[in-house]
Amino acid sequence: PDPPAKKHYKLIFTMKLSHYIYLYCMRATLSVLAVAAMASCVDDESLCVEDRPGYTEGHDVWLALSISNQGTAESHSLSRASATDDPSGHPDETASAAENHIDKNDLTLMFLDEDTYCIKTLSPSDITLTAVNADNGEYRVVTKINRSYFDFAGNSGNFYLLAIANTRGINRSDLAADPVGNGTFMKSLREISDMLRAFSFDGLISQDSASPWIPDIDGKRHIPMAGLQKMTVSKAQLDNASSPDNTIDLGEISMQRAMAKIRILDGIRFQDRLPSPTHIESVSFCSGTGKGAYMPSVSQCPTWAIGTATVETATKPSPVGAWHNALLNIPTRQHQFTNDADGKQYYAFSCYTPEAAVWDMRNSGTRPYLDIVTLSDDGERRNHTIYLDRVMPQRDMARNHIYQFTVTMSEQSVIELDYTVCEWNTVTSGDISFN
């Protein structure tokens, strides 16, 4: 829908910091021609007025903000008490440095006005991103804007910042242009999120490799993330923020990973009562989702519209099965994992996946499932198919969650599962408990 009609002109701004060119245009809802002219400001800067009376080149205001992964030590109390509260009470779990990493060359910031319409998209060249504690996913952003933007806007009010990171972290050769910023000028947050800009995922490092995709900083494999925060500036702050050493502190944006993590723990190894010692040889996640949205759909997850919030449902296309891939076979990586719940060190099998509809696919004949292969010491190899809709009370595998399955086996060689879901955070606030 078009922005709501107003009886007055509302001055807004766009900016290109890399060339120190500061442009501003007027938004009016007087006619279709006015809307068309304004929209073209993004594509043709010559149509924007940049030398109006009062505009002073170089009269910059410096802005700073923190970007942290949802649930970091620094952001824990703030995010838990506000928009990123977790009503389901999931236990937290530590993330690795690679799972927290934000690529400084792959961060997009969108300035949204008080009505959440996109004013301008800032690319990495407009932003200075510095690691404060990279292992914990804590970063500082510094940027600047000409003071005239705020003056022309008429007052110092509220606005939103939408951050999207690591858009090229899955397959860098797959994206030649900005996948999230194009075509967003003067679109609302809801409209932007409902575009369902998405990344493709097949679970492999590359098409030429059978190795599972895992985040790796040196390998430039990063988990896509998104975050939203409401900001406020005052006239006094604008007057004082005249240098990189004297910035307006806008607060923090809490980032949320756009993927889920699956982990299977081999509890069979601890069972002495089996006729023949048995262990898990391999695990694959099959018939899942081949695409994932960079940010949640506000239409489907309304709580996200007021700031980064824990979501329990997947963002899905219409029809729901459009991103479903019945042929998808995501291999897992075997590693050792110490489970805080029982103190045991397990052989574990982990993989990453875009958000996945589980219950929605239960009647499709292509339900998401785990393919677990066990091998006994006497050489007996068996395949076990575990349909997730039978063991998961949640409808979906949602972003920024870890889904953990501890596998045991009965004396009749029937697979049994204990299941838990954790919010995927960067600090541990308690033991993982099984549901």
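Two strands count as paired if DSSP finds at least two bridges between them. With that in hand, we can walk through this model, which is a predicted one, starting from a hairpin.

**The β23–β24 hairpin**

Strand β23 (residues 401-409) and β24 run antiparallel and are joined by 9 bridges. If you would like a register mark, take Gln-404, whose bridge partner in β24 is Thr-420. The hairpin has 5 residues between the strands, and Ser-413 takes a positive phi near 65 degrees there. How many of the 10 residues of strand β24 are buried? The count is 7, so strand β24 (residues 415-424) is largely enclosed by the rest of the structure.

**Two open sheets**

Strands of a sheet pair through backbone hydrogen bonds, in either a parallel or an antiparallel way. One open sheet here has 8 strands with mixed pairing, in the order β6-β5-β9-β11-β12-β3-β8-β7. At its edges stand β6 (118-122) and β7 (128-133); each has a single partner strand, so one side of each is left without a neighbour in the sheet. From one strand to the next, the twist averages 25 degrees. Within this sheet, strand β3 (residues 60-69) runs antiparallel to strand β8 (residues 138-146), and 9 bridges join them. Leu-63 is found opposite Thr-143 in β8.

Another open sheet is made of 4 strands in the order β16-β14-β20-β21, and its pairing is antiparallel. Its edge strands, β16 (329-331) and β21 (381-387), each pair on one side only. Neighbouring strands of this sheet are turned by 30 degrees against each other on average, direction ignored. Inside it, β14 pairs with strand β20 (residues 369-376) over 8 bridges in the antiparallel sense. Here Ser-284 has Asp-371 in β20 as its bridge partner.

**Aromatic rings and charges**

A pair of aromatic rings is described by the distance of the centres and the angle of the planes. Across the whole structure, a search finds 7 aromatic pairs. Why is the pair of Phe-111 and Phe-159 called stacked? Planes under 30 degrees apart count as stacked, and these two rings have their planes at 20 degrees, with centres 6.0 Å apart, so the pair meets that description. Phe-111 belongs to strand β5 (residues 107-112) and Phe-159 to strand β9 (residues 158-165), so this pair links distant parts of the chain, 48 residues apart. Both Phe-111 and Phe-159 are buried.

Phe-270 and Tyr-346 make an edge-to-face pair, 5.1 Å centre to centre with 75 degrees between the planes. Phe-270 lies in the loop between β13 (259-266) and β14 (278-286), whereas Tyr-346 is in strand β18 (residues 345-354), so the pair ties together parts that are 76 residues apart in sequence. The two partners have their own surroundings: Phe-270 is partly exposed, at 36% relative accessible area, while Tyr-346 is buried, at 4%. Phe-270 also has Lys-344 over its face, 4.8 Å from the ring centre. In a similar vein, the charged end of Arg-263 sits over the ring of Phe-337, at 3.8 Å from its centre. Phe-201, Trp-213 and Tyr-352 form one aromatic cluster.

**Backbone details**

Most residues other than glycine have a negative phi, and most peptide bonds are trans. The table gathers some entries that depart from this pattern.

| Site | Backbone value |
|---|---|
| Leu-196 | phi near 55 degrees |
| Lys-220 | phi of about 60 degrees |
| Ser-318 and Pro-319 | cis peptide bond, omega about 0 degrees |

Where do these sit? Leu-196 is in the loop between α5 (189-193) and β10 (198-200). Lys-220 is in the loop between β10 and β11 (225-232), and it counts as partly exposed at 47% relative accessibility. Pro-319 lies in the loop between β15 (291-293) and β16.

**Internal space**

Rolling a probe the size of a water molecule over the atoms shows where empty space is left. Searching the whole structure gives 3 cavities of 30 Å³ or more. The largest cavity has a volume of about 90 Å³. It is lined by 13 residues, and the closest to its centre are Thr-289, Lys-316, Pro-317, Val-320 and Ala-357.

Definitions and conventions. Residues are numbered from 1 along each chain as its sequence is written. This is a predicted model: local features need pLDDT of at least 70, side-chain atom pairs count only at pLDDT 80 or more; totals for chains, interfaces and linings use all residues. Side-chain values use heavy atoms; hydrogens and water are left out. Rings of Phe, Tyr and Trp (its six-membered ring) pair if their centres lie within 6.5 Å; planes under 30 degrees apart count as stacked, over 60 as edge-to-face and the rest as tilted. Helices (H or I, at least four residues) and strands (E, at least two) are DSSP runs, numbered from the N terminus. Buried means under 20% relative accessible area, exposed over 50%, partly exposed in between (1.4 Å probe, protein chains only). A charge sits over a ring if NZ of Lys or CZ of Arg is within 6 Å of the ring centre and within 35 degrees of the ring normal. Axes are lines fitted to C-alpha atoms, for helices over the stretch in contact, and angles run from 0 to 180 degrees between N-to-C directions. On a 1 Å grid over the protein atoms alone, a cavity is a set of points where a 1.4 Å probe fits but cannot get out, and a pocket is an open set with protein on both sides within 12 Å along at least five of seven lines; lining residues have an atom within 4 Å of a point. Grid points are joined across faces, edges and corners, and a volume is the space filled by probe spheres set on the points.
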